[in-house]
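Subject: Structure for you to look at, with notes

Dear colleague,

I am passing on the structure we spoke about, and I would be glad if you could open it beside these notes. The notes begin with charged side chains and then turn to one strand.

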Amino acid sequence: MPYAKAPDGARIAHQLRGDGPPLVLLAGQANDHHWWDGVREDFHEAGRSTLTLDYRGTGASDAPESPYSTRQFADDVIAVLDALGIDRADVYGTSMGGRVAQWVAAGRPDRVRRLVLGCTTPGGRHAVAPDPAVLRSLATPDPDEARRALLGLMYTPSWLAAHPGPHHTLGDPHMSARARGRHLAASREHDAWDALPGITAPTLVLHGTDDVFNPAENAPLLADRIPGARLHMIPGARHAYFDEFRAVAGPLVLDFVR
């Protein structure tokens, strides 16, 4: 397993696959690179290589004891690019990965050619938070009930009926409870509102119209805040639009990064 060394010395595992110009894929909160297993090959077939990483606290990466932040995750992304000698890449982040991608693009505009932000939020007081009932449904002490609630937020009932799993978007099952809490705190504390107008990379914002996990109202906030950004809402899609609606979302991303 190849590793990059982050600024604080943590080892960050990464996975470069396929041939062609690199597309950096950033996963959601408390997930490692397997988040992308259902769709990764679509980008390879279109002539792109894909670069993923295991966030600190997930997969094969180190799990330092210090608090995490989306800015720190962005620094880890840059460390991976440096280790591989990649000067500039297209970056596609979903959910918490979209939060991380905002900091990559805002902080290191020289490293991002094009930016795609999926099912994500600017964070802070300007963002639209999920309904408290959504969060309560995930906080149940019954793990099976919590899993069913999360699946319902990610996918439509009809798709779940036809695709019983396994599902790759429900979190890294091997990460510690402490690391999971640090990921949750990093997501909750994200606030890139003031930095968004400084993003210079051409940007596409994607979101499912039926996403209540990360409310769909956040998509136009991002698109309006980032100069020249394009917005595309996918009708009927929930949080894991990139997986369930891959036949729609994948071509949109590929057309944009071309």
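The side chains of R48 and D90 form a salt bridge, with N and O 2.6 Å apart. Please keep in mind here, and throughout, that this is a predicted model. The bridge between R48 and D90 joins distant parts of the chain, since R48 sits in the loop between α1 (40-45) and β4 (49-53), while D90 belongs to strand β5 (residues 89-94), 42 residues away. Both partners are buried: the relative accessible area is 7% for R48, and for D90 the value is 2%.

D90 also takes part in a salt bridge with R113, where the closest N and O atoms lie 2.9 Å apart. Because D90 is in strand β5 and R113 is in strand β6 (residues 112-118), this pair ties together parts of the chain that are 23 residues apart in sequence. Unlike the buried D90, R113 counts as partly exposed, at 32% relative accessibility.

Another salt bridge is the one between D110 and R108, whose closest N and O atoms are 3.1 Å apart. Here both residues are partly exposed, D110 with a relative accessible area of 43% and R108 with a relative accessibility of 33%. Elsewhere, D8, R56 and D76 are linked to one another in a network of salt bridges. The count for the structure comes to 11 salt bridges, and these notes describe some of them.

The second topic is strand β7, and the question I would start from is how many of its residues are buried. Strand β7 covers residues 203-208, and 6 of its 6 residues are buried, so that the strand is mostly covered. In a regular strand, side chains alternate between the two faces of the sheet. In β7, T203, V205 and H207 point one way, whereas L204, L206 and G208 point the other way, and all of them are buried.

As for the neighbours of β7 in the sheet, β6 and β7 run parallel and are joined by 4 bridges, with V116 standing opposite L204 of β7. Strand β8 (residues 230-234) also pairs with β7 in the parallel sense, over 5 bridges, and in β8 the bridge partner of G208 is I234. Together with helix α8 (residues 218-225), the strands β7 and β8 make up a right-handed β-α-β unit.

Within β7, T203 may be a useful residue to look at in more detail. T203 has a relative accessible area of 1%, under the 20% limit, and is therefore buried. The side chain of T203 reaches the backbone oxygen of A201 at a distance of 2.8 Å. If its neighbours within four places in sequence are left aside, T203 is in contact with L115, L117, I226, A229, R230 and F256. Of these contacts, L115 and L117 fall within the residue range of β6, and R230 falls within that of β8.

With best wishes

Definitions and conventions:
Residues numbered from 1 in each chain as written. Predicted model: local features only at pLDDT ≥ 70, side-chain atom pairs only at ≥ 80, totals over all residues. Heavy atoms only, no water. Salt bridge = Lys/Arg side-chain N within 4 Å of Asp/Glu carboxyl O. Helix = DSSP H or I, 4+ residues; strand = E, 2+ residues; numbered from the N terminus. Buried < 20%, exposed > 50% of the residue type's maximum accessible area, 1.4 Å probe, protein only. Pairing = 2+ DSSP bridges. Right-handed = clockwise from strand over helix to strand, strands pointing away. Polar contact = N/O pair within 3.5 Å; in protein donor to acceptor, adjacent residues only side chain to side chain. Contact = heavy atoms within 4.5 Å.
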